[in-house]
Amino acid sequence: MDLFTAVNKLNDESQYRDVGITFENYIVSTGLKRMILSSAIFPHVKRVWGAELVDVEENERRHLGKIAYSLDNTSKT
């Protein structure tokens with residue numbers, strides 16, 4: 001988490017701010033987006049891309065069952 005904090009603190013430095021340079025943290029992950037959104041890192045991040053699942057109802061039971069969005073290693077390059 002120190003890296004994310006350090007990157008965000010660069011925005012406070014006048015040498016960057018005065019010339020309009022802004023630093024932001026983004027996460028592009030093949031992992032589950034919900035896990036990242038509930039982690040301690042999330043407050044330091046501007047946007048997250050990751051696998052998302054959709055709730056499905058079958059036989060009056062709800063569960064995670066369909067992929068709504070996913071990334072693979074070729075998507076990140």
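What share of the 77 residues in the protein chain do buried residues make up? In this predicted model, buried residues make up 17% of the chain. The chain exposes about 6100 Å² in total, and carbon and sulfur atoms supply 51% of that area.

The overall layout comes next. The secondary structure of the chain comes to 3 helices and 3 strands. Followed along the sequence, these elements appear in the pattern α-α-β-α-β-β. As for contacts in the chain with a separation of 6 or more, 18% of them are accounted for by residues 24 or more positions apart.

The middle of the pattern can be entered at strand S1, which covers residues 26-32. Leu 32 has its place in this strand. With a relative accessible area of 38%, Leu 32 falls between the 20% limit for buried and the 50% limit for exposed, so it counts as partly exposed. Lys 33 belongs to helix H3, made up of residues 33-37. Its relative accessible area is 18%, and because buried means under 20%, Lys 33 is classed as buried. Once the neighbours within four places in sequence are set aside, Lys 33 is in contact with Val 48, Gly 50, Ala 51 and Glu 52. Strand S2 spans residues 47-58.

Leu 32 also takes part in a feature of the surface. Together with Met 35, Leu 53, Leu 64 and Ile 67, Leu 32 makes a nonpolar surface patch of about 480 Å².

Strand S2 is followed through a loop to strand S3, which runs over residues 61-69. Two residues of this loop deserve a look for their backbone angles. Most residues other than glycine have a negative phi. Asn 59, which is found in the loop between S2 and S3, has a positive phi, near 50°. Glu 60, in the loop between S2 and S3, also has a positive phi, of about 60°, although it is not a glycine. Are these loop residues buried or exposed? Asn 59 is exposed, with a relative accessible area of 77%. Glu 60 is exposed too, at 79% relative accessible area.

On strand S3 lies His 63. It is partly exposed, with a relative accessible area of 34%. Which residues does His 63 contact, leaving aside its neighbours within four places in sequence? They are Val 54, Asp 55, Val 56 and Glu 58. Leu 53 sits 10 residues from His 63 along the chain, and the C-alpha atoms of the two are separated by 9.8 Å. Leu 53 has been met already, as one of the residues that make the nonpolar surface patch.

The last topic is the aromatic rings. The structure holds 2 aromatic pairs. One of them is formed by Tyr 16 and Phe 23, with 4.9 Å from centre to centre and 80° between the planes. Why is this pair called edge-to-face? Planes over 60 degrees apart count as edge-to-face, and the angle of 80° between Tyr 16 and Phe 23 therefore gives the pair that label. Both partners can also be placed by their exposure. Tyr 16 is partly exposed, with a relative accessible area of 25%. Phe 23 has a relative accessibility of 22% and is likewise partly exposed.

Conventions:
Residues numbered from 1 in each chain as written. Predicted model: local features only at pLDDT ≥ 70, side-chain atom pairs only at ≥ 80, totals over all residues. Heavy atoms only, no water. Phe/Tyr/Trp six-rings, centres within 6.5 Å; stacked < 30°, edge-to-face > 60°. Buried < 20%, exposed > 50% of the residue type's maximum accessible area, 1.4 Å probe, protein only. Helix = DSSP H or I, 4+ residues; strand = E, 2+ residues; numbered from the N terminus. Contact = heavy atoms within 4.5 Å. Areas by Shrake-Rupley, 256 points an atom, 1.4 Å probe, with all protein chains shown as cover. Patch = residues over 30% accessible without salt bridge, like charges linked within 9 Å, V, L, I, M, F, W, Y side chains within 5 Å. Salt bridge = Lys/Arg side-chain N within 4 Å of Asp/Glu carboxyl O.
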